[in-house]
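Thanks for coming. I will go through one structure today, starting from a single residue and working outward.

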Amino acid sequence: MSQLPVSWLCESFEAGEFSPALSAWPHPAFVRALKQRPHPGPLPVGEGAEAEDGIAFLSENELKILAGLRFEKRRREWLMGRWTAKKLLTVQLGCAPRELSIEPEAGGAPVVWRAGERVPGCLSISHRGDRATAAWADVLGMQVGVDLELVGEANPAWMVDYLTEAEWGLCEGQGIGWPYLVWSAKEAVLKSLRTGLRVDTREIEALPGEGELDGWRRLDVRSGLLKGDCWVGWRSDGGYLLTMAVLKN
Ligand SMILES: CC(C)(COP(=O)(O)OP(=O)(O)OC[C@H]1O[C@@H](n2cnc3c(N)ncnc32)[C@H](O)[C@@H]1OP(=O)(O)O)[C@@H](O)C(=O)NCCC(=O)NCCS
């Protein structure tokens, strides 16, 4: 692959303010495209009319989904993800945010609908802390998975059961972020497969790779679950790791 066949966006939402700002992460060409189009508007900041204005970017079905989310943290994450995905998709598809409806299929993976029809392509969403990211692949046979992780404590003991011996063995040499990077890569791959965390994460092994593509550093990923080619890359910013898996069937 000489060019990333995926469009993507990572947004930073200031703590407590819900004020989305363009992060430095998107590809410069994409930032230019975004600036030429209105974004979906602010996220809701409180209750009442102001908050209702803030969710004007949601479709009717999305409003129903939101009404069913009881916990504030989940509502916030879900909104950040929808906002970021719609900002990305309205540029890619040239339409207004409310024309699109992003709804989960049976396994939880997001699907994009427009005027009652499924938009061909693969969308992936991740949210962590104050950031959300979305990636979109519209090439036939291509699937994408993205994952955001925050680097935490060194040698997180809980991960021993989820990493392979080879992955765990690299913790010393690769630095504090390594286990989080490996975990994130596994999640990205599982999202590209549209299965999510329903399999043993040791069925996927991520090891340091060589080379860089559009600012993404390569990881070598092996797994019997992968039937086609799988490219996995990562980048970091402000304590966050962003990992992307692109699967070609
Ligand atoms: C998908 C999954 C890997 C997400 O991991 P996470 O780190 O907690 O959360 P992230 O913010 O990175 O990703 C969440 C997004 O993944 C997407 N997603 C959910 N299930 C997915 C699936 N099967 N395939 C691809 N993407 C999926 C959704 O868009 C979701 O965001 P949304 O619900 O707000 O739209 C994980 O939640 C999962 O596997 N869930 C399904 C199985 C399950 O519920 N297992 C119990 C926990 S072990």
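How exposed is Arg-194, going by the other C-beta atoms within 10 Å? The model is a predicted one, so keep that in mind as we go. Arg-194 has 18 other C-beta atoms within 10 Å, and because a residue needs 20 or more to be buried and 12 or fewer to be exposed, Arg-194 is partly exposed. It sits in the loop between α7 and β9. Its phi is positive, about 65°, although Arg-194 is not a glycine.

There is a second residue of this kind. Ala-115 is not a glycine either, and has a positive phi of about 45°. Ala-115 belongs to the loop between β4, residues 110-114, and β5, residues 117-118. Ala-115 counts as exposed because it has 9 C-beta neighbours inside 10 Å.

Back to the helix that comes just before Arg-194. Helix α7 covers residues 178-192, which is 15 residues. From first C-alpha to last, α7 reaches 21 Å, close to the 21 Å expected at 1.5 Å a residue. As for cover, 15 of the 15 residues in α7 are buried.

What does α7 pack on? The answer is a sheet, so let me describe that sheet before the contacts. It is an open sheet of five strands, in the order β8-β12-β11-β10-β9, and the pairing is antiparallel. The edge strands are β8, residues 142-150, and β9, residues 204-213, each pairing on one side only. On average, neighbouring strands are turned by 25° against each other, direction ignored. Helix α7 touches β8, β9, β10, β11 and β12, and its direction makes about 150° with that of β8.

Now the strand pairs, starting from the β9 edge. Strands β9 and β10 run antiparallel and are joined by seven bridges. Within that pair, Glu-205 stands opposite Arg-222 in β10. The two strands form a hairpin with two residues between them, and Asp-214 in the turn has a positive phi of about 50°.

Next, β10 and β11. These pair in the antiparallel sense over three bridges. Arg-217 has Trp-234 in β11 as its bridge partner. The hairpin from β10 to β11 goes through five residues.

Then β11, residues 229-237, and β12, residues 240-248. Their antiparallel pairing runs over nine bridges. One of the partnerships is Asp-237 with Tyr-240 in β12.

One residue in β12 deserves a slide of its own: Leu-247. Is Leu-247 buried or exposed? It has 24 C-beta neighbours inside 10 Å, and therefore counts as buried. Leaving out residues up to four places away in sequence, Leu-247 touches Met-142, Gln-143, Ser-192, Leu-193, Gly-228 and Cys-230. Leu-193 is 54 residues from Leu-247 along the chain, yet their C-alpha atoms are separated by 7.8 Å.

Last, the ligand. How many residues surround the ligand? There are 20, and the closest are Gly-108, Ala-109, Ser-126, Gly-196 and Leu-197. The elements giving two or more residues to this shell are α4 (72-93), β6 (122-128) and α7. Of the shell, β6 supplies the largest share, four residues. By character, the shell divides into six nonpolar, eight polar and six charged residues.

To close, two points to take away. Helix α7 packs on the five-stranded sheet, and α7 is also among the elements that give two or more residues to the shell around the ligand.

Definitions and conventions:
Residues numbered from 1 in each chain as written. Predicted model: local features only at pLDDT ≥ 70, side-chain atom pairs only at ≥ 80, totals over all residues. Expected span 1.5 Å × (residues − 1). Pairing = 2+ DSSP bridges. Axes fitted to C-alpha atoms, helices over the stretch in contact; angles between N-to-C directions. Contact = placed C-beta atoms within 7 Å. Near = placed C-beta within 6 Å. Nonpolar A, V, L, I, M, F, W, Y, C, P; charged D, E, K, R; others polar.
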